[in-house]
Amino acid sequence: MVNPVHLQTLLEVVRQGSFAAAAQRLGYTASAVSQQMAALERETGAQLFIRSPKSVTPTEAAVVMTRHATKVLTDIDALKAATARAAEAAGKGLRLGIFPSLATYVLPSVLRNERWRHLGLDLHVSIAEPGETIRGLRTGGELDVVLVYQVGQSGLAWPHTMERQWIGDDPFCVVLPASWGIAEGAQVTARQLGGMPWIVHHPGTSDATVIDRLFASCGLEPRVVGYSDDFNASLGLASSGLGATLVPELALQTRPDGVVVVDVPEIRLARNIFALRPGGSGDTQTGLFLDLVAETLKSIQARNPGAARR
């Protein structure tokens, strides 16, 4: 094996024209340089210098070797740099803000994916609604990236310096108690559901405002029997026969017995999911992670039996 240190010394001896000058340049003694060159000759089996009491003259073998040594040492430097970057990336922390349903139904699948393990990111998760995670991103760097949703043009706001990346859409589904006798996948008009009992979002939230406007525009006047911002609770209440509800498709990953999903043509609404991170803070690993989240969401939606019945 050829020692890269000996190659570096060879280059300097050829440049300087003597062992002594090379030694001064490299911080060695002249004797140490001489010993390295002798070792390199043994390693390669070639005479590299014609030695005289006052000088050394590179042989043709030495000249050829210096041309190749330059490339070899450049490649070694590139190898060291790439290794250092990989080691740095392996220890990189990713502080993620994420809303509950994405954390429940998508993030676990991402973390089980082999591609995630290859990223080598040290993940720290904060699960909260978008308004809260955006504040964490904005005020002093508690978070590196947040995954949020927006329903229509609702009141979610973020600093203009943030970069936004679309992840996917999570359509809302109309869910009815099976006890109402309406078949799974049946097409129902909004007016047919007017006056029926409904479990809806708490009033005053941006989502509730958008949904109220949508219902009003299509003539659906619900008889409210419950308020809930917890989709699992809403589905549980619907399965008990309490009332109809509107939930995102992701929530149907844990769909209980006793409910049916119907198609209401007038109701076409979705949560638009995207990632926010400070402008200029993008890095390859985080970008690959966000791509994996988007692909996983799409894959889960393709498997969802309710996807074809929106």
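**Nonpolar cores and an enclosed cavity**

Leaving aside neighbours within four places in sequence, Ile167 is in contact with Leu147, Ile273, Phe274, Ala275, Leu290, Val293, Ala294 and Leu297. These contacts, like the other values below, come from a predicted model. Ile167 belongs to the largest nonpolar core, a set of 50 residues. Within this core, Ile167, Leu147, Val174, Trp198 and Phe289 touch the most other members. Helix H12, spanning residues 284–303, contributes the largest share of the core, with 7 residues. A second core, separate from this one, is made up of 17 residues, among them Leu7, Leu48, Met65 and Leu73.

The UniProt record, an unreviewed entry, annotates residues 6–59 as "domain: HTH lysR-type". Across residues 6–59, helix accounts for 63% of the chain and strand for 11%. The C-alpha atoms at the two ends of this segment are 16 Å apart.

A search for enclosed space returned 1 cavity of 30 Å³ or more. The space in the largest cavity comes to about 70 Å³. Trp198, named above among the core residues with the most contacts to other members, is also part of the cavity lining. The remainder of the lining consists of Ile199, Val200, His201, Ile211, Phe215, Ser228, Phe231, Ser234, Thr245 and Leu246. By residue class, the lining comprises 7 nonpolar and 4 polar residues, with no charged residues. At least two lining residues come from each of strand S7 (197–200), helix H10 (206–217), helix H11 (231–239) and strand S9 (244–248). Of the contributing elements, S7 gives the most, supplying 3 residues.

Terms used: Residues numbered from 1 in each chain as written. Predicted model: local features only at pLDDT ≥ 70, side-chain atom pairs only at ≥ 80, totals over all residues. Heavy atoms only, no water. 1 Å grid on protein atoms, 1.4 Å probe; cavity = no way out; pocket = protein on both sides within 12 Å on 5 of 7 lines; lining within 4 Å. Points joined across faces, edges and corners; volume = space filled by probe spheres on them. Helix = DSSP H or I, 4+ residues; strand = E, 2+ residues; numbered from the N terminus. Nonpolar A, V, L, I, M, F, W, Y, C, P; charged D, E, K, R; others polar. UniProt positions renumbered as here; feature names shortened; annotations may be inferred. Core = buried A, V, L, I, M, F, W, Y, C linked by side-chain atoms within 4.5 Å. Buried < 20%, exposed > 50% of the residue type's maximum accessible area, 1.4 Å probe, protein only. Contact = heavy atoms within 4.5 Å.
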